[in-house]
Amino acid sequence: MRILAIESSCDETGAAVIEHGRIIRSNVVASQASIHERYGGVVPEVASRHQLDALIPVVEAALREASATWDEIDAIAATYGPGLAGSLLVGLTGGKALALARGLPFIGVNHLEAHIYANWLRPQTGDHAAPTTNGENDEDDEDDEWPGDPRFPLLALVVSGAHSELVSIPRHGRYELLGQTRDDAAGEAFDKVARVMGLGYPGGPAIQHAAALRDSNSKNRFRLPRAWLNGTWDFSFSGLKTAVLQLVEGAEHGAEAGASRYAREGAAQASGLPIPDLAAAFQDAVVDVLATKTVRAAQALEVRQVVLAGGVAANIALRDRLSRELAALGIDLRYPPVALCTDNAAMIGAAAWFHLRQGERSRLDLDVRPNLQLPFAESSSS
Ligand code: KG4
Ligand code: ZN
């Protein structure tokens with residue numbers, strides 16, 4: 001089954017052609033980051049206007065790069081939530097219109113579920129033939145697993161611009177919420193802190209980059225707070241964010257004139273604070289909490305595999321620390337390549353496939369759901 005997938009939930013316009021929910025024939029993303037950078041964050045009205053301009057060219061590019069004609073597309077998928085209403089509307093309406101015009105099945109996809117299913121996508125190299133192990137490659141087998149697929153039961157750490165959740169996934173489509181953020185999402189904290197540090201938007205990659213410039217002798221120069229919320233799997237990042245804010249503000253007021261040797265790195269120019277040290281201390285604090293809780297939850301649930309999902313899953317410090325600690329326990333960590341962690345349409349095609357395989361279809365009056373959550377079931381394990 002070959003799916004044309006569309007993603008437009010925020011400031012990225014994506015279209016992809018995906019086979020068997022795993023093989024990327026094309027994956028085109030038009031980012032507006034450079035436009036929103038000057039505002040220090042996404043401006044919804046600007047985002048939806050650019051979605052409108054980008055959608056058709058991006059869809060055409062995805063078909064072209066996949067060398068696919070419309071006759072070779074079997075279904076259309078588009079994100080219907082969560083995200084910015086105006087942005088979602090562009091991709092969802094476009095997807096439904098294309099499905100109607102071409103007489104193709106349509107499925108609306110939950111963006112958060114898609115971030116998780118990015119872990120089913122194969123790297124874009126080599127021979128894409130479907131595996132034929134056991135001599136069985138029956139396209140109608142609904143439970144088919146391919147070698148290399150993530151193995152249930154899974155624990156997922158979903159960390160994006162608006163979500164931070166620990167989720168137990170015993171099988172396809174079943175999500176049990178263990179814990180979530182009580183205030184800011186991890187990505188949101190990265191973005192806000194990067195902003196006060198003058199590092200630009202999006203904040204995650206900027207902070208990771210700045211942190212890499214830390215002089216290893218200056219470790220532990222800043223002690224930043226961690227909210228453990230012991231006894232729960234919940235997170236909280238607003239105290240940490242406020243602590244950084246206060247440090248920057250305090251330094252700004254007490255700054256010695258011309259003291260900032262970090263200005264050339266685009267740092268909080270006036271503050272005189274050593275931005276790499278501060279960025280690293282902040283990143284350490286976020287990673288410390290995310291990794292510690294994820295490792296404990298993996299042990300408590302006795303899972304064999306953990307998957308990372310969402311934009312913050314691109315963070316190298318988080319990946320490194322988790323792989324190290326989980327490996328020591330014999331637990332496998334999986335995460336998508338960076339380009340498939342941040343918003344893209346390939347992951348929409350991956351999630352769509354598993355629903356379409358079950359015979360699911362969306363009606364063409366499906367509306368956008370800006371506040372959509374994962375479809376949580378009652379937890380059996382907490
Ligand atoms: O999943 P995503 O692309 O969009 C949402 O669905 O929200 O996540 C975007 C978030 C942003 O907050 C961005 O700063 C963060 O992911 N992010 C990172 C990194 N790359 C992106 N955070 C930390 N380290 C990174 N390397
Ligand atoms: Zn996302």
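These legends go with a set of close-up views of a predicted model.

**View 1. The zinc ion (ligand 2) and the residues that hold on to it.**
Three residues supply the donor atoms here: His-111 and His-115, each through NE2, and Asp-343 through OD, at 2.0 to 2.1 Å. Written as a sequence pattern, the donors read H-x3-H-x227-D. The two histidines sit in helix 4 (residues 111-117), and because they are four residues apart there, about one helical turn separates them. Both His-111 and His-115 are buried.

**View 2. Strand 6 (residues 154-159), wrapped up by the rest of the structure.**
How many of the six residues of strand 6 are buried? Six of the six are, so the strand is largely enclosed by the rest of the structure. In a regular strand, side chains alternate between the two faces of the sheet. Here Leu-154, Ala-156 and Val-158 point one way, while Leu-155, Leu-157 and Val-159 point the other way, and all are buried.

**View 3. The partners of strand 6: strand 7 and strand 9.**
Strand 7 (residues 164-169) runs antiparallel to strand 6, and six bridges join the two. Together they make a hairpin, with four residues between the strands. If you want a pair to look for, try Leu-155, whose bridge partner in strand 7 is Ser-168. Strand 9 (residues 305-309) pairs with strand 6 as well, this time in the parallel sense and over five bridges. For that pairing, look for Val-158, which stands opposite Ala-309 in strand 9.

**View 4. Lys-96, a buried lysine with no salt bridge.**
Lys-96 belongs to helix 3 (residues 85-102). Which side chain of opposite charge is nearest to Lys-96? That would be Asp-367, 5.9 Å away. A salt bridge here needs a Lys or Arg side-chain nitrogen within 4 Å of a carboxyl oxygen of Asp or Glu, so 5.9 Å doesn't make the cut. What the side chain of Lys-96 does reach is the backbone oxygen of Leu-364, at 3.2 Å. Setting aside its neighbours within four places in sequence, Lys-96 is in contact with Phe-106, Leu-364, Asp-365 and Leu-366.

**View 5. Salt bridges that link a buried residue to a partly exposed one: Glu-19 with Arg-25, and Arg-174 with Glu-176.**
The whole structure has 16 salt bridges, and these are two to zoom in on. Glu-19 and Arg-25 bring their closest N and O atoms to 3.0 Å. Glu-19 counts as buried because its relative accessibility is 9%, whereas Arg-25, at 34%, counts as partly exposed. In the other pair, Arg-174 and Glu-176, the closest N and O atoms are 2.8 Å apart. Here Arg-174 is partly exposed, with a relative accessible area of 23%, and Glu-176 is buried, at 2%.

**View 6. A salt bridge within helix 9 (residues 316-328), and a network.**
The side chains of Glu-325 and Arg-321 meet in a salt bridge, 2.8 Å from N to O. Glu-325 and Arg-321 are four residues apart in helix 9, which means about one helical turn lies between them. Is Arg-321 buried or exposed? With 19% relative accessibility, Arg-321 counts as buried, because the cut-off is under 20%. Glu-325 is partly exposed, with a relative accessible area of 26%. As for the network, salt bridges link Asp-184, Glu-188, Lys-192 and Lys-241.

Definitions and conventions: Residues numbered from 1 in each chain as written. Chains lettered and ligands numbered in written order. Predicted model: local features only at pLDDT ≥ 70, side-chain atom pairs only at ≥ 80, totals over all residues. Heavy atoms only, no water. Donors = N, O, S within 2.8 Å, 3.2 Å for Na, K, Ca; no water. Buried < 20%, exposed > 50% of the residue type's maximum accessible area, 1.4 Å probe, protein only. Pairing = 2+ DSSP bridges. Lys, Arg positive; Asp, Glu negative; His and termini not counted. Polar contact = N/O pair within 3.5 Å; in protein donor to acceptor, adjacent residues only side chain to side chain. Contact = heavy atoms within 4.5 Å.
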